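Work through the exercises below with the sequence and the coordinates open. Try each task before reading its solution.

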Amino acid sequence: MNRRIVSFHYTLRDPEGRVLDSSAGDPPVAYLEGAGQIIDGLDEQLRTVAVGVKTRVQVPAARAYGERDPEQVQRVKRTLLPVEGELQIGETFRTGEDRQAPVVTVVGIEGDEVLLDGNHPLAGVELTFDVEIVGAREATAEELSHGHAHGGAGGGGGSCGEGCGCH
Ligand code: ZN
């Protein structure tokens, strides 16, 4: 089967039913199937869903942001952290200047040491997506070679947007 460009709206909830994220009020999200643009478990389960269909997709943690890894919690000297001022439990920050630098969460403060959790905030959480597929079309050759969608399912592909990073 050819890979599709799919556009969809979604509401994401945790197991307690709290809304974590939603595309409501924004343009639909567009992605190339099987390219890792959205989380694996959602991508897989939407392969057979047709345009216009509303569906609920449940993605176990292992197919979403992974299971929690206790080894990702580390004790670090406060003075080594790149953060000024008072630290709060629950605060998150990047461990480097780079946009790709891992984000850690402060989970404890003990004297001059801080406990940092490097797990993704949604690690270990089963995710429920209420999805509506609003468009789908065949991916263009250029999209397949770049590994991402150029524009939504309504458009005809076109070229890369600003900041696509594939040039
Ligand atoms: Zn591109």
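**Exercise 1: the largest pocket**

Phe8, Tyr10, Leu12, Asp21, Val29, Gln37, Ile38, Ile39, Leu42, Tyr65, Leu122 and Phe129 line the largest pocket. The model is a predicted one.

Task: Give the volume of the largest pocket, then sort its lining by residue class and find the element with the largest share.

Solution.
- Step 1. Start with the volume: the largest pocket comes to about 170 Å³.
- Step 2. Sort the lining. It divides into 10 nonpolar residues, one polar and one charged.
- Step 3. Assign the two exceptions. Gln counts as polar and Asp as charged, and the lining includes Gln37 and Asp21.
- Step 4. Look for the main contributor. Strand S1 (residues 4-13) gives the largest share of the lining, three residues.

**Exercise 2: an aromatic pair**

Task: Classify the ring pair of phenylalanine 8 and tyrosine 31, and say which strands they belong to.

Solution.
- Step 1. Search the whole structure for aromatic pairs: there are three.
- Step 2. Take the pair of phenylalanine 8 and tyrosine 31. The ring centres are 5.5 Å apart and the planes stand at 85°, so the pair is edge-to-face. The cut-off for that class is over 60 degrees.
- Step 3. Place the two residues. Phenylalanine 8 sits in strand S1 and tyrosine 31 in strand S3 (residues 29-32), so the pair ties together parts that are 23 residues apart in sequence.
- Step 4. Link back to the pocket. Phe8 is also among the residues that line the largest pocket.

**Exercise 3: chain and domains**

Task: Count the helices and strands, write their order, and locate the domains.

Solution.
- Step 1. Count the elements: two helices and nine strands.
- Step 2. Read from the N terminus. The order is β-β-β-α-β-β-β-β-β-β-α.
- Step 3. Divide the chain. Domain 1 takes 4-65 + 123-146, and domain 2 takes 70-117.
- Step 4. Check the separation. The C-alpha centres of the two domains lie 31 Å apart.
- Step 5. Add the overall extent. The C-alpha trace spans about 55 × 40 × 30 Å along its principal axes.

**Exercise 4: the four-stranded sheet**

Task: Trace the open sheet of four strands and establish the register of its neighbours.

Solution.
- Step 1. Write the strand order: S5-S8-S7-S6, with antiparallel pairing.
- Step 2. Mark the edges. Strand S5 (73-77) and strand S6 (92-94) each pair on one side only. From one strand to the next, the twist averages 40°.
- Step 3. Join S6 to S7. Three bridges link these antiparallel strands, and arginine 94 stands opposite valine 103 in S7.
- Step 4. Join S7 (residues 103-110) to S8 (residues 113-117). They pair over five bridges, in the antiparallel sense.
- Step 5. Set the register. Isoleucine 109 faces valine 114 in S8, and glutamate 110 stands opposite glutamate 113 in S8.
- Step 6. Close the hairpin. Two residues lie between S7 and S8, and glycine 111 takes a positive phi near 60°.

Notes:
Residues numbered from 1 in each chain as written. Predicted model: local features only at pLDDT ≥ 70, side-chain atom pairs only at ≥ 80, totals over all residues. Heavy atoms only, no water. Pairing = 2+ DSSP bridges. Axes fitted to C-alpha atoms, helices over the stretch in contact; angles between N-to-C directions. 1 Å grid on protein atoms, 1.4 Å probe; cavity = no way out; pocket = protein on both sides within 12 Å on 5 of 7 lines; lining within 4 Å. Points joined across faces, edges and corners; volume = space filled by probe spheres on them. Domains from an automatic or database assignment. Phe/Tyr/Trp six-rings, centres within 6.5 Å; stacked < 30°, edge-to-face > 60°.
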